[in-house]
Amino acid sequence: MAALDRPAPKPRPVYLDLFAIRLPLPAFVSILHRVSGALLFLAGIPLLLWVVGHALASPEGWAQMRAALSSPVARLVLVVLAWCYFHHFIAGIRHLVMDLHIGMDLKSARQSSAVTLVLAILLTLAVAAKLW
Amino acid sequence: MVMPKRVVVGAHYGWRDWLVQRVSAVVMALYTLLILGMLVWFGGLDYAAWKAAFGSGLFRLATFVFMLSLLWHAWVGVRNIAMDYLKPVGVRLTFQVVVIALLVAYVGWTIQVLWGGV
């Protein structure tokens, strides 16, 4: 076995204090990509099916859904899920563009991650303004 | 470039998941544009426009393809999360089985919503 001929690797420091680590911007956008995806799976999909199912059933169901979704809590949930969709969508497009080897250098990657973060927040604010 | 001569082993599902994630993402992005286009076309959303849209068999099929893309996309993502954070095999397996059952149930729910009233 070739692996046995090599010297044993030195123990490397493990530093995982989550409150002390400063994530670079692209890493921050990346973990938010994951968080937003998890929220869309946990809450977004069942809510989407539930709302569309009720709203399609009858005019009364449609009216009930409109009323239910206009409560302050529901609007807050919608705004959070809207951010999840926008962030996940834009971060995903960013991935697809990088798959084409566009914007791979550090400077471009930092810039596009900033654009992702800001654009998702701006679109979310637009949705929030429309709901209130 | 000198490539190492080695036999690549494994189940080869990594590249397939990678591709599924991207193809399903493109399908969902196109559907999103379709919805935005329809909202602009109808000039907002009321019950009549809503029913008219879902009255079209083609739109229901497009919605079904979107939902299948969404659920498959969700599977790849949730599985990646489980592989990263759920280390005990038993916990991970149980979690993944529950997620698969949930996603299959969502496929059934989608069919009910789209074609149940017909």
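The exercises below deal with chain B and its contacts with chain A in a predicted model.

**Exercise 1.** State how many helices and strands chain B has, and in which order its elements run.

*Solution.* Begin with the count, which gives 4 helices and 0 strands for chain B. Then follow the chain from the N terminus on, where the elements read α-α-α-α.

**Exercise 2.** Set the radius of gyration of chain B beside that of a compact globule of 118 residues, and describe the box that its C-alpha atoms fill.

*Solution.* First take the reference value, which is near 13 Å for a compact globule of 118 residues, whereas chain B has 19 Å. Next turn to the principal axes, along which the C-alpha atoms of chain B fill a box of roughly 60 × 40 × 20 Å.

**Exercise 3.** Find what percentage of chain B is buried, and what share of its contacts joins residues 24 or more positions apart.

*Solution.* With buried taken as 20 or more other C-beta atoms within 10 Å, 12% of the 118 residues of chain B qualify. For the second part, consider the contacts in chain B with a separation of 6 or more, of which 71% are between residues 24 or more positions apart.

**Exercise 4.** Describe the side of chain B that touches chain A by its residues, elements and classes.

*Solution.* Start with the residues: 16 of chain B are in contact with 17 of chain A. Two or more residues each come from helix H1 (13-42), helix H2 (47-55), helix H3 (57-85) and helix H4 (89-115) of chain B, and the largest share, 5 residues, belongs to H3(B). Finally, sort this side of chain B by class, which gives 12 nonpolar, 3 polar and 1 charged residues.

Methods. Residues numbered from 1 in each chain as written. Chains lettered and ligands numbered in written order. Predicted model: local features only at pLDDT ≥ 70, side-chain atom pairs only at ≥ 80, totals over all residues. Rg over C-alpha atoms; globule rule 2.2 N^0.38 Å. Contact = placed C-beta atoms within 7 Å. Nonpolar A, V, L, I, M, F, W, Y, C, P; charged D, E, K, R; others polar.
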